[in-house]
Protein chains: 4
Amino acid sequence: MSDTTRSRAILATASRLFASRGYSRTTTAEIAREAGVAEGTLYHHFGSKDGIFLTLFDETMEGYLAGIEGILARGAAGRETLSAFTRFHFDYVSLRKEQYLILLRDFPVHLTVEHFAGGSPQRKKLDRVTKLFSRILARGKADGTLHLPFPVRETAEMLRGSFYGATRLKMLDLIQTPFPRLARMMESYWLKALGPSQTPRAIPAAPSIAPSPAPGRRRRSR
Amino acid sequence: MSDTTRSRAILATASRLFASRGYSRTTTAEIAREAGVAEGTLYHHFGSKDGIFLTLFDETMEGYLAGIEGILARGAAGRETLSAFTRFHFDYVSLRKEQYLILLRDFPVHLTVEHFAGGSPQRKKLDRVTKLFSRILARGKADGTLHLPFPVRETAEMLRGSFYGATRLKMLDLIQTPFPRLARMMESYWLKALGPSQTPRAIPAAPSIAPSPAPGRRRRSR
Amino acid sequence: MSDTTRSRAILATASRLFASRGYSRTTTAEIAREAGVAEGTLYHHFGSKDGIFLTLFDETMEGYLAGIEGILARGAAGRETLSAFTRFHFDYVSLRKEQYLILLRDFPVHLTVEHFAGGSPQRKKLDRVTKLFSRILARGKADGTLHLPFPVRETAEMLRGSFYGATRLKMLDLIQTPFPRLARMMESYWLKALGPSQTPRAIPAAPSIAPSPAPGRRRRSR
Amino acid sequence: MSDTTRSRAILATASRLFASRGYSRTTTAEIAREAGVAEGTLYHHFGSKDGIFLTLFDETMEGYLAGIEGILARGAAGRETLSAFTRFHFDYVSLRKEQYLILLRDFPVHLTVEHFAGGSPQRKKLDRVTKLFSRILARGKADGTLHLPFPVRETAEMLRGSFYGATRLKMLDLIQTPFPRLARMMESYWLKALGPSQTPRAIPAAPSIAPSPAPGRRRRSR
DNA sequence: GATGAATGAGTGTTCATTCAT
DNA sequence: TATGAATGAACACTCATTCAT
């Protein structure tokens, strides 16, 4: 059995077990046993139980980030890119439900604290997500296909929160709507939210300089 | 020291400790010591460490649900109610950051599995959130202030996911945008997303996956 | 509710619970709850959990001892008294299976050590059993209806061990033979064991003065 | 220190401690400390405190069963085999008083319930004892050296109960008669009980519950 | 690299008992 | 007498990690 085989066996087993009974309920002994390796082997390859988790995290995130980058690389307009991202996002998490479940459900709090800090590789990956959202939005803003009454980065953070939250609640079975429908809704509503302002006559006037006056007024009109 | 005092001391201490070092890193011995009671007293009142957590969960959720119900009770139009909810939501989690942090960050996976199941009191509370979202949206749909191209319940689930996700990422410090700004953005974007359609004839159509031609033309208008 | 009623309720409940799940698996909280009294009440009446057990022990033993004494008081011959005792013993334990189960199965080791010592009331009751066995045997020896090649007291101890062991194994379900049959066998075999010596010609010779020479020789004749 | 050494050290220490202060009064921490191993090692080897106990049980029983089988293998007549068994039994428990004390005194009730059930290895061992008793009796019945007015299996169960009870009461110090004397008595009385009938015509009769008239007349002959 | 026996600090939980009311 | 909230010492068991082979 080559190293690679052993490593893959460990990762595959860990992924399955984490998904089925949660990170903290899975023991290293179990992973070793079901992967058919000795417990010490886990430590040779990954250093610690957390190390296994972080490797899975990295791999899943890598694929996710690469996917988004691929979409951006197509060079489509911002609006279209946002559409394509939405479809990609839900396809990705649907097809890799196990991996995403782990990421979204199990990320241990202590890892959050330790590894979401400052310049950890994990934190960097997470920040890249926001950056990619920002690039999508910035492109749309630049090409006029998306209208942002708020700064790009802030909007990107909020948008990312929305996708994250809807996906996580779905993963936790707190949402009944099936994934494909969720994808369609997210696409439709966000395209509208980031589309031209609601009042037709407002469109030609001030396309996207600032929050359109009409909604702005209404918001605090009470 | 009355019963209530003791119980409150335990809950307050547990809340503080859970928030500061996470649920699993907090020991029952610590809670007891810092609350000034015997360890057995924890079990007398709450049955288990999980029981303490779930009590905190229930109390925080109770206040949250009551707040939303209060807003609905005002009888304002759907659109205005959604606005009010948005402000309430971010005020609530800002003011009770500790409690919400616990709920959003620490909810242990094993509790998720055990207590989000079917008819648990916790699950019921969570489902009530979706129902309240649905009531807001249904009101807006009825009075014409909100426009939903998708079913009320599904939209409510997605909307809830968005609020949840943005809030959780903020709690995890993965979002830099400050809470008030996050609140304003969520309000603004969602009001627009649920506002009157950009072009009336687009509503009945399936959510367009391809970017609509009109905005596409307008790009680079900046 | 009078004291007596409360005490009886506690004893009855404890007896039932001890029998169904064992002494150590039964908690004072359970006893109190199911008896419908406060936990403190247990301690007012019996001082401790062990106190409840010992009270049950005493009551069961009292009935048992009184039964044997009643049989002895009839003044029948030793052999007949032994017969009557056998029947009484198995009737008693059959009819009060719950109580006897507790005595025979659950007597906690620490109580054994503490309360079987020297002059404890419990130890005295146990010693009275042996004394009553001795009285039966002594009567039989005196009236010639029982033949003991060994001292009365030693034979009594062994006899008691036999009854005790057969009964305990039956209580533990390690013996399949039903109680009535067990009773008949014990009676039959022990009457024979304590009957006139096997060799017919030995009977008229030396009825019961000393161990008959024949069996004595045979024992080590190998 | 080899595996075997460690395991043996744990078993030897546990045996000593169980015998001296009882199973439930012995803590796993004590066993580990006195055996010179880490507490985790106990669990590595035996899985639980109960596991240690059951291992001791198995080993003691194994030796006991092997001893009886050895006696049967000699091929002696049934009566002689019963004699030999009696001597073996009391020798065995005398020489291994510690182990037998544990088995006879400490077997925890919860283990009784869990491990005496149906097909457990422990139950099987206990049932083998009865089977070996049956083989002894069956041999004696076949070769005419033992006389059983009751079925072999039932007699075996009762006989086993007798040996068990006398031994247990001795272990609990409720019997004063020393072991060797106890052995002689058991041998003598049971050989007689299973010997040829006193009066040939009494054999076919049902075990007389009423005292036989002849001895009855003889009473008060002292 | 691979092993797996050994580790031992750490933890949630139990429960008989007490005592102020 | 009766209560039951409070107690706190005690304990079995866990499990990520190490290290000699």
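Which side chain has an N or O atom 2.9 Å from a phosphate oxygen of DNA strand F? That is a good place to start reading this predicted model, and the notes below begin there.

1. **Polar contacts to DNA strand F.** The side chain belongs to His45(C), whose N or O atom sits 2.9 Å from a phosphate oxygen of DNA strand F. The elements giving two or more residues to the surface near this strand are α3 of chain A, α1 (3–21) and α3 of chain B, α1 (3–21) and α3 of chain C, and α3 of chain D. The bases of DNA strand F are reached too: a polar side-chain atom of His44(C) lies 2.9 Å from a base nitrogen. A backbone N or O atom of Gly40(B) is 3.1 Å from a base nitrogen of DNA strand F.

2. **The surroundings of DNA strand F.** There are 31 residues around this strand, and the closest are Thr28(A), Arg6(B), Thr41(B), His45(B) and Thr41(C). The largest share of the surface near DNA strand F comes from α3(C), with 5 residues. By class, that surface holds 16 polar, 9 charged and 6 nonpolar residues. Where do the strand's atoms within 4 Å of the protein belong? For DNA strand F, 66% of them are in sugar or phosphate and the rest in bases.

3. **The surroundings of DNA strand E.** Here 32 residues surround the strand, and Thr41(A), His45(A), Thr28(C), Thr41(D) and His45(D) are the closest. Of the atoms of DNA strand E within 4 Å of the protein, sugar or phosphate accounts for 66%, with bases making up the rest. The surface near DNA strand E has 16 polar, 10 charged and 6 nonpolar residues.

4. **Elements and contacts at DNA strand E.** At least two residues of the surface near DNA strand E come from each of these: α1 (3–21) and α3 (39–46) of chain A, α3 (39–46) of chain B, α3 (39–46) of chain C, and α1 (3–21) and α3 (39–46) of chain D. For a contact with a base, look at Gly40(D): a polar backbone atom of this residue is 3.1 Å from a base nitrogen of DNA strand E. Two contacts with phosphate are also worth displaying. Tyr43(B) places a polar side-chain atom 3.2 Å from a phosphate oxygen of DNA strand E, while Lys49(C) has a backbone N or O atom 3.0 Å from a phosphate oxygen of that strand.

5. **How chains A and B are related.** Chain B can be laid on chain A by a turn of 180 degrees with a shift of 0.0 Å along the axis, giving an RMSD of 0.2 Å. This is the relation of a two-fold axis. The same surface serves both copies, as 86% of the contact residues of chain B recur in chain A.

6. **The interface of chain B and chain A.** In this contact, 69 residues of chain B meet 68 residues of chain A. The two chains bury about 6600 Å² between them, with 57% of it on carbon and sulfur atoms. There are 2 salt bridges across this interface; the side chains of Arg181(B) and Glu154(A) meet in a salt bridge at 3.3 Å, N to O. The side of chain B that touches chain A draws two or more residues from each of α5 (78–95), α6 (97–106), α7 (109–115), α8 (121–143), α9 (152–171), α10 (179–193) and α11 (213–217) of chain B. Its largest share, 13 residues, comes from α9(B). That side divides into 28 nonpolar, 23 charged and 18 polar residues.

7. **The interface of chain D and chain C.** Chain D and chain C each give 69 residues to their contact. About 6400 Å² is buried between them, and carbon and sulfur atoms give 57% of that area. The count of salt bridges between chain D and chain C is 2, and the side chains of Glu154(D) and Arg181(C) form a salt bridge at 3.3 Å, N to O. Polar contacts join 17 residue pairs across this interface, both residues at pLDDT 80 or more. Which element gives the largest share of the side of chain D that touches chain C? α9(D) does, with 13 residues. By class, that side has 29 nonpolar, 22 charged and 18 polar residues.

How values were computed
Residues are numbered from 1 along each chain as its sequence is written. Chains are lettered from A and ligands numbered from 1 in the order in which they are written. This is a predicted model: local features need pLDDT of at least 70, side-chain atom pairs count only at pLDDT 80 or more; totals for chains, interfaces and linings use all residues. Side-chain values use heavy atoms; hydrogens and water are left out. A residue is near a molecule or strand if one of its heavy atoms lies within 4 Å of it. A polar contact is a pair of N or O atoms within 3.5 Å; within protein, one must be able to donate a hydrogen and the other to accept it, and residues adjacent in sequence count only if both atoms are side-chain atoms. Helices (H or I, at least four residues) and strands (E, at least two) are DSSP runs, numbered from the N terminus. Ala, Val, Leu, Ile, Met, Phe, Trp, Tyr, Cys and Pro count as nonpolar, Asp, Glu, Lys and Arg as charged, and the others, Gly among them, as polar. Contact means heavy atoms within 4.5 Å. Buried area is the accessible area (1.4 Å probe) that two parts lose on being put together, summed over both. A salt bridge is a side-chain nitrogen of Lys or Arg within 4 Å of a carboxyl oxygen of Asp or Glu. Copies are superposed by least squares on the C-alpha atoms of residues with pLDDT of at least 70 in both.
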